[in-house]
Amino acid sequence: MSFSNKVAILGSSRTPFVKSQTHYLGKSNQDMLGAALADLIHKTKIEGELLGDFIAGAIMNHPLDWNLSRETVLGSALSPETPGLTIQRACGTGLEAVNLIALKIASGQITAGIGGGSDTNSDIPLFGQRKLTHFLIKLQQAKGIREKLAALKDFRLGMLKPQVPEVREPRTGLSMGEHCELMVKEWQISRRDQDELAYRSHQNAAKAYDEGFYDDLIIPFASLSRDTITRKDSSLEKLASLKPAFDKTDKGSLTAGNSTPLTDGASVVLLGSPEWGKKHQLEPLAYFTDCEVAAVDFVHGAGLLMAPTIAIARLLARNQLSLQDFDYYEIHEAFAGQVLCTLKAWESAEYCQRALHLKKPLGSIDVQKMNIKGGSLALGHPFAATGGRLVGAAAKILAQKGNGRILISVCTAGGMGVAAIIER
């Protein structure tokens, strides 16, 4: 264990995850994050509690959700003296938020806190061109009619065209899906293997729902009580019939079925010292042991979504563990192809030597132990909320099992990766 003091995972809550621009139209990140936080406060009975910190974030954050985390606290039943910090590490935001709370607890700075995240593509702000902003500032600052008329000469109708945030890499101009297409071609990942992984994700999620696994993890919100993306009736035949979504030639293999859809939702996780948990009559579900973040130079050819392989290699080395020393693996499924590239890279002696600086490959894992309650392909991926979902589910899996160790991995935009170890 790398942390000097144990950090207990004491509870988690999340909204149902839904396809963007459907059920949560009119809901903001603050609405969703506030609902998840309210449920977590209620079920852990910490109303009025002064926590050390509430750290959360969003990727698609509306300017009107200014100071998101602090405002969410002020709208909650926590003590208004609880501080809030808003962060962003692309799709790793939620896991990084949990990590920051864990680090504060482990160092003794605080005794308890909540980490999480929220994202919506149904409340995307339309904003004006930067040139329009600069023009309006100059017009406002102009003195007298002559200066204002002179400033008006710089106005162009094109300035009025609104801009919409795009999920593209600014350095390459490519979407994450287009980058993943490059990766699966490099690693020679077949379309059938991608569809089979997606099918397994949906089947595992549907089984988990039938077993009631998500009953106490997902809160009712906007007249929903479960995710809307999971498909119990999914089949390999249906997945195989879908057309490529990014490379639309016959060489493309990423489809709407083996890629995560744009998703809305929020999640939060309560962590504390074992002593704080005991004082509040909260049994630890599991312990947050360690976390690592890494990045790759995707601008000059590295696979955009391969950074988790580096983060995991460092994490394993620091904790003197092998890749096989885990009971389960919670690997974020941005795309089925991205997961399969990661699995293949772990088995590659050449890659592990070149990219991970290891003398031998990390080896393979038993895929039957991966995403056993469904992954992002079946449950959805609200960017900043995925980390909280993964930690909450992993902690419950270990609580039900009674012991064990889980490896969590999240790839992110910007060529980054976040990995963590959860133990009981």
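This short talk covers the aromatic rings and the cysteines of the structure shown above. Please keep in mind throughout that we are looking at a predicted model.

Let me begin with the rings. How many aromatic pairs does a search of the whole structure find? The search finds seven of them, and I would like to take you through two. In one of these pairs, F135 and F155 have their ring centres 5.5 Å apart, with an angle of 45° between the planes, and the pair is therefore classed as tilted, since planes under 30 degrees apart would count as stacked and planes over 60 as edge-to-face. If you look for these two residues in the sequence, you will find F135 in helix α4, which covers residues 130–141, while F155 belongs to the loop between α5 (144–152) and α6 (176–186), so this pair ties together parts that are 20 residues apart in sequence. As for their surroundings, F135 counts as buried, with a relative accessibility of 6%, whereas F155 is partly exposed, at 29%.

The other pair that I want to show you is made by Y209 and Y214, whose ring centres lie 5.1 Å apart and whose planes meet at 45°, so this pair is tilted. Y209 is buried, with a relative accessible area of 11%, and Y214 is buried too, with a value of 3%. These two tyrosines are joined by F213, and the three residues together form one aromatic cluster.

Which charged residues sit over rings of this cluster, then? Over the ring of Y209 we find the charged end of R226, at 3.9 Å from the ring centre, and over the ring of F213 we find the charged end of K396, at 4.8 Å from the centre of that ring.

Let me turn now to the cysteines. A search of the whole structure finds zero disulfides, and it is worth asking why C341, for example, has no bond to C180. The cysteine sulfur closest to that of C341 is the one in C180, and because the two are 5.9 Å apart, while a disulfide requires sulfur atoms within 2.5 Å, they are too far from each other for a bond. C341 itself is buried, with a relative accessible area of 0%.

C352 is likewise in no disulfide, and its nearest cysteine sulfur, which belongs to C341, is 14 Å away. C352 is also buried, again with a relative accessible area of 0%.

How values were computed
Residues are numbered from 1 along each chain as its sequence is written. This is a predicted model: local features need pLDDT of at least 70, side-chain atom pairs count only at pLDDT 80 or more; totals for chains, interfaces and linings use all residues. Side-chain values use heavy atoms; hydrogens and water are left out. Rings of Phe, Tyr and Trp (its six-membered ring) pair if their centres lie within 6.5 Å; planes under 30 degrees apart count as stacked, over 60 as edge-to-face and the rest as tilted. Helices (H or I, at least four residues) and strands (E, at least two) are DSSP runs, numbered from the N terminus. Buried means under 20% relative accessible area, exposed over 50%, partly exposed in between (1.4 Å probe, protein chains only). A charge sits over a ring if NZ of Lys or CZ of Arg is within 6 Å of the ring centre and within 35 degrees of the ring normal.
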